[in-house]
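Trainee: I am new to this structure. Please show me how to read its features one by one.

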Amino acid sequence: MDNMEYQEVVFGLIVNAGNARSKAMNSIRLAKKGKIEEAKENLKLSEEDLNLAHEIQTKLIQGEAAGEKTEISLLMVHAQDHLMNAITVKDLANEIIDIHEKFMIEKIKS
């Protein structure tokens, strides 16, 4: 992989992971406002972006397993950090939405 391709791959990770994280955070904001269905839909959009980032990462891993050398630059470390952060935020957003939904149901019952 030449330098240009490498940078495209790295920025693909950063952009998709960043988008996923932003959408997950927005899901939390929507849940706080009681917009649970909107929050869930936004979380699905977050998962789509996360899947795109994960596909890029998987191709890198498969390439390395096939013997291709992947440069480990500060930019790649940054991209991987974005991906891990996005995964964590998405997982937490899912739990927070569930909590808000249960709270709203309990509030309606009482």
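Mentor: We go from the overall fold to the cores, the surface and a few single residues.

Mentor: Keep in mind that this is a predicted model.

Trainee: How many helices and strands does the protein chain have?

Mentor: Start any reading with the secondary structure. Here there are three helices and zero strands. From the N terminus on, the order is α-α-α.

Trainee: Is the protein chain more spread out or a compact globule?

Mentor: Compare the radius of gyration with the globule rule. The chain has a radius of gyration of 17 Å, and the rule gives 13 Å for 110 residues. The value is well over the rule, so the chain is more spread out than a compact globule. The box around its C-alpha atoms gives another view: roughly 60 × 20 × 20 Å along the principal axes.

Trainee: What do the contacts in the protein chain say about sequence separation?

Mentor: Take the contacts with a separation of 6 or more. Of these, 80% are between residues 24 or more positions apart.

Trainee: How many of the 110 residues count as buried?

Mentor: The share is 32%. On the outside, the chain exposes about 7,300 Å², and carbon and sulfur atoms supply 56% of that area.

Trainee: Which residues touch the most other members of the largest nonpolar core?

Mentor: First the general idea. In soluble globular proteins, nonpolar side chains tend to be buried together. Now the case here. The largest nonpolar core has 14 residues, and Val 10, Leu 13, Met 76 and Leu 83 touch the most other members. Helices α1 (3–32), α2 and α3 each give two or more residues to this core. The most come from α1, which gives six.

Trainee: Where is there another core?

Mentor: Apart from that core lies another, of 10 residues. Leu 30, Ala 39, Val 89 and Ala 93 are among them.

Trainee: What is Leu 83 in contact with?

Mentor: Set aside the neighbours within four places in sequence. Leu 83 is then in contact with Leu 13, Ala 17, Leu 50, Ala 53 and Gln 57.

Trainee: Is Ser 46 buried or exposed?

Mentor: Read the relative accessible area. For Ser 46 the value is 0%, and buried means under 20%, so Ser 46 is buried. Ser 46 sits in helix α2 (residues 36–65). Not counting residues up to four places away in sequence, Ser 46 touches Ala 20, Lys 23, Ala 24 and Lys 90.

Trainee: Which residues form a nonpolar patch on the surface?

Mentor: Nonpolar side chains can also be found on the surface here: Ile 72, Leu 74 and Val 77 form such a patch. Together they have about 350 Å² of accessible area. Val 77 belongs to helix α3 (residues 74–109). With a relative accessible area of 45%, Val 77 is partly exposed.

Trainee: What does Glu 101 touch?

Mentor: Leave out residues up to four places away in sequence. Glu 101 then touches Ile 36, Glu 37 and Lys 40. Glu 101 lies in helix α3, and at 22% relative accessibility it counts as partly exposed.

Trainee: And what about Lys 40: what is its relative accessible area?

Mentor: Lys 40 has 29%, so it is partly exposed. Its place is in helix α2. Beyond the neighbours within four places, Lys 40 is in contact with Ile 97 and Glu 101.

Trainee: How far apart in space are Lys 40 and Gln 7?

Mentor: Look at both sequence and space. Lys 40 and Gln 7 are 33 residues apart in sequence and 33 Å apart in space, C-alpha to C-alpha. Glu 101 and Lys 44 are 57 residues apart in sequence, with 16 Å between their C-alpha atoms.

How values were computed. Residues are numbered from 1 along each chain as its sequence is written. This is a predicted model: local features need pLDDT of at least 70, side-chain atom pairs count only at pLDDT 80 or more; totals for chains, interfaces and linings use all residues. Side-chain values use heavy atoms; hydrogens and water are left out. Patches are made of residues with over 30% relative accessible area and no salt bridge: like charges are joined within 9 Å, nonpolar side chains (Val, Leu, Ile, Met, Phe, Trp, Tyr) within 5 Å. Accessible areas come from the Shrake-Rupley method with a 1.4 Å probe; for residues, only the protein chains shown count as cover. A salt bridge is a side-chain nitrogen of Lys or Arg within 4 Å of a carboxyl oxygen of Asp or Glu. Helices (H or I, at least four residues) and strands (E, at least two) are DSSP runs, numbered from the N terminus. Buried means under 20% relative accessible area, exposed over 50%, partly exposed in between (1.4 Å probe, protein chains only). Contact means heavy atoms within 4.5 Å. A nonpolar core is a set of buried Ala, Val, Leu, Ile, Met, Phe, Trp, Tyr and Cys residues joined through side-chain atoms within 4.5 Å. The radius of gyration is taken over C-alpha atoms; the globule rule is 2.2 Å times the number of residues to the power 0.38.
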